[in-house]
Amino acid sequence: MTVAPTDLALLAAPALRKGGVQAYIRRHPTIVIGAGLLGLMVLMALFAPYLGTVDPQALSPIRRLRWPSAQYWFGTDMLGRDVYSRTIYGARVSLTVGISVALLASGFGLAIGLVTGFSRWTDAIVMRIMDGLMSIPSILIAIALMALTRASMQNVIIAITVAEVPRATRLVRGIVLTLRELPFVEAAHASGTGFFRILWRHILPNTLPPLLVNGSFVAAAAMIIEAALSFLGAGTPPNIPSWGNIMAEGRSLFQVAYYIVLFPGAFLSLTVLAINLLGDGLRDALDPRLARRM
Amino acid sequence: MDRVNWGVFAYIVRRILATIPVMVVVALFVFSLLHLSPGDPAAIIAGDTATLDDIARIRQKLGLDQPLYIQFVTWVWHLLHGDLGISIFTNLPVSKLIAQRVEPTVTLTISTLIISIAAAIPMGVLAAWRAGSWIDRLVMVFAVIGFSVPSFVLAYLLIYVFAISTDLLPVQGFVSIRDGVRPFLSHIAMPSLALGLIFAALIARMTRASMLDVLAQDYIRTAQAKGLSNDRVLIGHALKNAAVPIATIIGVSFALLISGVVVTETVFAIPGLGRLTVDAILRRDYPIIQGIILVFSAAYVLVNLLVDLSYTFLDPRIRY
């Protein structure tokens, strides 16, 4: 009776056992590259103070707008702050926002999706609301919410989460609606398994793999939105060095000191690329049917 | 014959009616934004340096001193008459401010759509036709990278390559097509490329996936067996049948395009709706932000309505 839920785990597992690490790398190169790159970024964010950085906020007007050199790897900005240190510390903001939003949006999506999947009455109302919210581009929802609150990282996370919950909800609801009609759930029901046990043992495990894949793409989207919000002046407060903030500060100087914008931009792109590779790989590993197509 | 047409007609009417609840939710969201915020919205909009008089003036201007239901009814009533309220900063009607800024944004959106669709569909078709080859790999690498580089990062990269190192294109600005085709094209090229990459990446990927499905069908083998040229098989038989998912992804990812417009216009100093949004954020001019959300969401709903209606042409087999 528990065949179907464990199916997905079984499909991914043999790769680990057969042939060890090398076979796994050969089979899922994108997971390994993505996870490796993302791991490096996380380590960089965690150990920012030990990576040859100085205080990212330290002003030094005499040394402003220095080009990248052996002393200032990424140069200095118009206030003489070290762009290398600011970029390394900026990883903390992006990763915190990306991971928090992915966890929160998936959590809320799971909860709301499970409820709406089982209750026709709430489904009608909640899904209308979600459809409406989904037709507002996420960055505009975030901008609208940020314009009403004070700039803080917490508010940025909340604003982007609100924009990302509808898609996760839709995903979970869709899976629940399909699953509850499947024979193994019917069989469990017929053999007297209680509602919550069916939910816990049969429905929930099947929603997790797609939710995990979706979560990785939400994290990537959240990082881009955070950077865009900060770039537009509606995101992380300027006293915290985030990649979007650094780019916003370098904007007016781009023609004389383009390095201020390009370094954080490159780190942002690399991090998003890492997460997308990981997400693609996870999808291929967890859903072989889809993998063949995409 | 008659019955078929009725079916399609009924579908079109139903699909148009289905946009109403969506827009009602959007309107409710936009309205309730001001009231959901913690604290006094008038005080937040007025900013830290506002006096009590300023706050009272803003409260009165936004109608926040009225009971909630009256506020809502008045707001919807005005909305239905095309009145999006008055800008706090400039005292001009929001609808007028938006109308002034529509041209650059629409132009940029259309040129981006043309460039990315024209580039992405052939890429996807080629990748699927030569699945597993180096062309396929190249297209897939392009798709993953294109999906990962945010439009404003790419925008600066393009400016660096085409405007700073080589001086081929102007750094920023917008020229209407009425003021000459050449200056128009040279100004719109970089923003369209920057904005179009992510869009093209998605379309190329979906085209490849959809084509792979179709190319595995029996009728493709039949078409090849009866001696049709590759072009005829790929375009006439395969692409035609792969069109519905491609149209869908174009509609759904239109939201990405709108998000990108706001940021790209800022980078290239294009005086469009995106620029208006950013100015409104900086001045906390809330009626403008509300108006822009309504306009952009309506555009998104409209595009997806058109995509859904296009199914009736793209795949006449679909019965409703």
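# A tour of the two chains, beginning at helix 10 of chain A

Select helix 10 of chain A to begin: a straight helix of its 38 residues would span 56 Å at 1.5 Å a residue, whereas this helix spans only 48 Å between its end C-alpha atoms. The model is a predicted one, with an ipTM of 0.87 and a pTM of 0.88. Stay on helix 10 of chain A and move to Leu204(A), where the helix bends by about 40 degrees, with a proline, Pro205(A), following within four residues. Then go to the other end of the selection, where Gly233(A), just after helix 10 of chain A, takes a positive phi of about 90 degrees.

**Chain A as a whole**

Now widen the selection to the whole of chain A, which holds 13 helices and 0 strands. The C-alpha trace of chain A spans about 80 × 50 × 30 Å along its principal axes, and of the 294 residues in this chain, 46% are buried. If you display the contacts in chain A with a separation of 6 or more, 69% of them come from residues 24 or more positions apart.

**Where chain A touches chain B**

Which elements should you select to see the side of chain A that touches chain B? The contact as a whole takes 38 residues from chain A and 44 residues from chain B, and on the chain A side the elements that give two or more residues are helix 6 (120-134), helix 7 (138-148), helix 10 (195-232) and helix 12 (259-286). Helix 12 of chain A gives the most to this side, with 10 residues. Colouring this side of chain A by class will show 25 nonpolar, 9 polar and 4 charged residues.

**Into the nonpolar core**

Select Ala142(A) and Ile143(A) next, since they are a good way into the largest nonpolar core, which has 165 residues and in which these two have the most contacts. The element that gives the most to this core is helix 8 (residues 181-215) of chain B, with 18 residues. Around Ile143(A), once residues up to four places away in sequence are set aside, you will find Leu229(A) and Ala234(A) from chain A, together with Thr277(B), Ile281(B) and Ile289(B) from chain B, all of them touching it.

**Chain B as a whole**

Turn to chain B, which has 13 helices and 0 strands, and whose C-alpha atoms fill a box of roughly 80 × 60 × 40 Å along the principal axes. Of the 320 residues in chain B, 39% are buried, and residues 24 or more positions apart account for 72% of its contacts with a separation of 6 or more.

Before looking at single residues, colour chain B by confidence: its average pLDDT is 86, and 96% of the residues score at least 70. Within chain B, confidence is lowest in helix 2 (residues 41-46), at a mean of 72, and highest in helix 5, at 93. Where pLDDT is low, the predicted coordinates should not be read in detail.

**Single residues in chain B**

In helix 5 (residues 94-129) of chain B, select Met123(B). Is Met123(B) buried or exposed? Met123(B) is buried, because 23 other C-beta atoms lie within 10 Å, and the cut-off for a buried residue is 20 or more. Apart from its neighbours within four places in sequence, Met123(B) is in contact with Val139(B) and Ala204(B). A distance drawn from the C-alpha atom of Met123(B) to that of Thr207(B), 84 residues apart along the chain, comes to 8.3 Å.

Next, find Asp167(B) in the loop between helix 7 (151-165) and helix 8 of chain B. Asp167(B) has a positive phi of about 65 degrees although it is not a glycine, and it is exposed, with 9 other C-beta atoms within 10 Å.

Then go on to Ala269(B), in the loop between helix 11 (254-267) and helix 12 (273-283) of chain B. Ala269(B), which is not a glycine, has a positive phi of about 50 degrees, and it counts as exposed, with 11 C-beta neighbours inside 10 Å.

The last stop is Asp315(B), in the segment after helix 13 (286-314) of chain B. Asp315(B) is partly exposed, with 13 other C-beta atoms within 10 Å. From Asp315(B), draw a line to Val25(B), which is 290 residues apart from it in sequence and 31 Å apart in space, C-alpha to C-alpha.

How values were computed
Residues numbered from 1 in each chain as written. Chains lettered and ligands numbered in written order. Predicted model: local features only at pLDDT ≥ 70, side-chain atom pairs only at ≥ 80, totals over all residues. Contact = placed C-beta atoms within 7 Å. Nonpolar A, V, L, I, M, F, W, Y, C, P; charged D, E, K, R; others polar. Expected span 1.5 Å × (residues − 1). Bend = angle between axes of the 7 residues up to and from the residue. Core = buried A, V, L, I, M, F, W, Y, C linked by C-beta atoms within 7 Å. Buried ≥ 20, exposed ≤ 12 C-beta atoms within 10 Å, placed from the backbone. pLDDT = per-residue confidence, 0-100.
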